[in-house]
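Visitor: I am new to this structure and would like a close look at a single part. Please pick one packing of helices, go through it slowly, and then point out a few other places to compare it with.

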Amino acid sequence: MLRKINKNNEIIRNFLPSIIIIVLMLLVGNILTPGFTSANNVFNIICKASVLTIVCIGQAFVMISGNSGIDMSVGSIMSCAALLGPSMTQGQNIGLLWSLPIFLILGFLVGVINGLCIQKFRLPALVVTLCMGIVVDGLTIGFTHGKPSLKIPDLLLELGIPYLGRMRLLTIIVIVLLFLMELFLQKSKYGRQLFLCGSNQNVARLSGLRVNVIVVISYGISAMMAALAGFALVGYVGSAQLFMADEYTMLSVASVVIGGTSLSGGKGGVIGGALGAFVLFLLTSILTVLGLPDGARIGIEGLVLLLILMANSRESKLRI
Amino acid sequence: MKSKLINFIRWPAFVSLVLLVSLLIINQILSPGYLNKAYITNFLGSNGPLIMSSIGLSIVLISGGMDISVDGIMSLINVVYITLSESGMQTILILVICILVGLFCGIINGLFVGYLRITPILTTFATSSLFSGIALWIMPSPRGSVPKGLLNWYYSWLGGFGAPILFLLIIVIGWFIIRKSKLGIMLYAVGANKENSYLSGINVYRVQFISYVLAALFYTISAISMTTYFSGGDATVASALTMKAITACVIGGVLLSGGVGDGIGAAFGATSLGLAITTVLAIVKNAFFQDFASGVLMLIAVIGCTLLNRYIANKFSKKGVVINAEKD
């Protein structure tokens, strides 16, 4: 019983900052523009955040795997899946039946290559995934010749349409996915092993875990989630262009950290990333309704992000 | 003599120098006589900014930090430069203001990473968004030009080789001064082990702060060179530069975990990246797959150079001490 309370405390401590920020932002938004907290607007923001949440699930797996793990190729993989995936279906719903699995598997393979370079050659994750992003972008340009894709299956377009009350179909799917992945991370054998690898790879190796396999799979999951997010993004936006998801790379890293997962690994969860994603899109939305010019909006976003990070994730002092 | 040779091989920049020379030879075979005056002028104009900012970035990386706001700072300087020169200000005054703006950017980075202890990669992501946001605010669409007199001087310097050589010289000399100074030793020490440096009486926070300010100064000089070359203002002009600079540093033997590397190696790495594009253009004729080919080449270069560097460090290490291995 006591242990359970302690565990709940830890969860609250991790999520509390982002929940406080969300409530504050909703209040500020409502003061600045009355009607900001209407169900339609809030669920629209949640729907935008859902796409980022899918990426955050994968990014969280990579960050938990430790060894300064980070996946900078997710944006490129998303753009690639968003452009090539739907155009493979020729706009037919039935085409999704094979184009989605193919891209999930391809994404997984890209992630496995990332993971192998990082684990086998002991290269820094940042650089390997950056270069992999450039490679994937190059493939996208090679296959599409830079043309946007407009033939999108109706089923994907349904994702952004209000479904249950004001809730978008995409949001419902993402919430189910989120809880399944959180369960997988916290309760399954693989998830527990991943946490151990993240806290201390040497200990994990000495305990007889196959560290390389476990970490490589986490990169695979990250890239697979990015491919899935690409399909979700194209469904929400309605068309696909070159490099449309580039900013999602750093946004996913930022939201996972805001959600309480540390960059040093071994700690955290999937649900925090969803809260972080909501925070970021709420911020963008508030600044957009204020009618600021683009540059000022981006600048203020950076400033607020800096403040959030200052409140949320400072490193410990050198002097003990 | 032999120990001198071993020291040369153990130099972190050695592998990237080998890569640079072999790329020069490969290019010579693929397209004989490409290395003429026009090519060098053009190459230094377009790749000079990357080379200079890589040296700047290497200062931060060596001290154990990370900076992804290179493109943000350079875009801001670019926009400020052009806006001021449009208003008809004196060139010297413009340069001074640009350097002040660059220092200010560096101070913000250093303050948040050094004294407020926020994770470097996230801080610089946020500040990058801040700086490029301000740049986009000042100049929402590309416009502007550089004064004629300055442009003439830029292209005619040193018998037509162009002023990038001058900028590059300033940066390289600056790097050597930093490296040989007490500060340089502190940078390496902090990068290698923060706790130990703290215990040895180094003011770790101040060293980190200074590393970001110095790096920002280097980016500023490289942005001034870039702006004069492009002779126009664009808030997104440097957008791909950060990633390339990080890759160049890794190819040049700078460890992302800090403490090992040489700015000259980063410069070699950046030059190799530029030369590799010439190689790809000569081999891959299908224009749509050139990006893919250069990406693959980059990945191979990163893997190859890191493994070679580690092999050399292990093979020639003094008394079996592993210098160039990733920290577990």
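Guide: Here is a walk through one helix packing, followed by some other places to look at.

First, some ground rules: this is a predicted model, in which local features need pLDDT of at least 70, side-chain atom pairs count only at pLDDT 80 or more, and totals for chains, interfaces and linings use all residues. Residues are numbered from 1 along each chain as its sequence is written, chains are lettered from A and ligands numbered from 1 in the order in which they are written, and side-chain values use heavy atoms, with hydrogens and water left out.

Now to our part. Find helix 13 of chain A, residues 294-312, and helix 6 of chain B, residues 120-138. (Helices are DSSP runs of H or I with at least four residues, strands are runs of E with at least two, and both are numbered from the N terminus.) The axes of these two helices are 7 Å apart and the packing angle is about 160°. Axes here are lines fitted to C-alpha atoms, for helices over the stretch in contact, and angles run from 0 to 180 degrees between N-to-C directions. Helix 13 of chain A and helix 6 of chain B are therefore roughly antiparallel; angles over 145 degrees get that word, those under 35 are roughly parallel, 65 to 115 roughly perpendicular, and the rest oblique. Their crossing is left-handed, a word used if the near helix is turned anticlockwise from the far one by less than a right angle, with right-handed used if clockwise.

Which residues meet here? On the side of helix 13 of chain A, they include A:D294, A:I298, A:E301, A:L305 and A:L309. On the side of helix 6 of chain B, B:L122, B:F125, B:L130, B:I134 and B:W137 are among them. Contact means heavy atoms within 4.5 Å. Sorted by class, this contact has 13 nonpolar, seven polar and two charged residues. (Ala, Val, Leu, Ile, Met, Phe, Trp, Tyr, Cys and Pro count as nonpolar, Asp, Glu, Lys and Arg as charged, and the others, Gly among them, as polar.)

For comparison, turn to a packing inside chain A. Helix 3 of chain A and helix 5 of chain A, residues 125-144, have axes that come within 8 Å and cross at roughly 20°. These two helices are therefore roughly parallel, and their crossing is left-handed. Residues that meet include A:C80 and A:L84 from helix 3 of chain A and A:V136 and A:F143 from helix 5 of chain A. This contact has six nonpolar, four polar and one charged residues.

Single residues are worth a look too. B:S54, in helix 3 of chain B (residues 37-62), is buried at 0% relative accessible area. Beyond neighbours within four places in sequence, B:S54 is in contact with B:A245, B:A248, B:C249, B:A266 and B:A270. By contrast, B:S231 is partly exposed at 26%; buried means under 20% relative accessible area, exposed over 50%, and partly exposed in between, with a 1.4 Å probe and protein chains only. B:S231 is not a glycine, yet has a positive phi of about 40°.

Finally, consider the predictor's confidence in each residue, pLDDT, which runs from 0 to 100. Its mean is 88 for chain A and 89 for chain B. Over residues 320-328 of chain B, however, the pLDDT is below 50. Where pLDDT is low, the predicted coordinates should not be read in detail.
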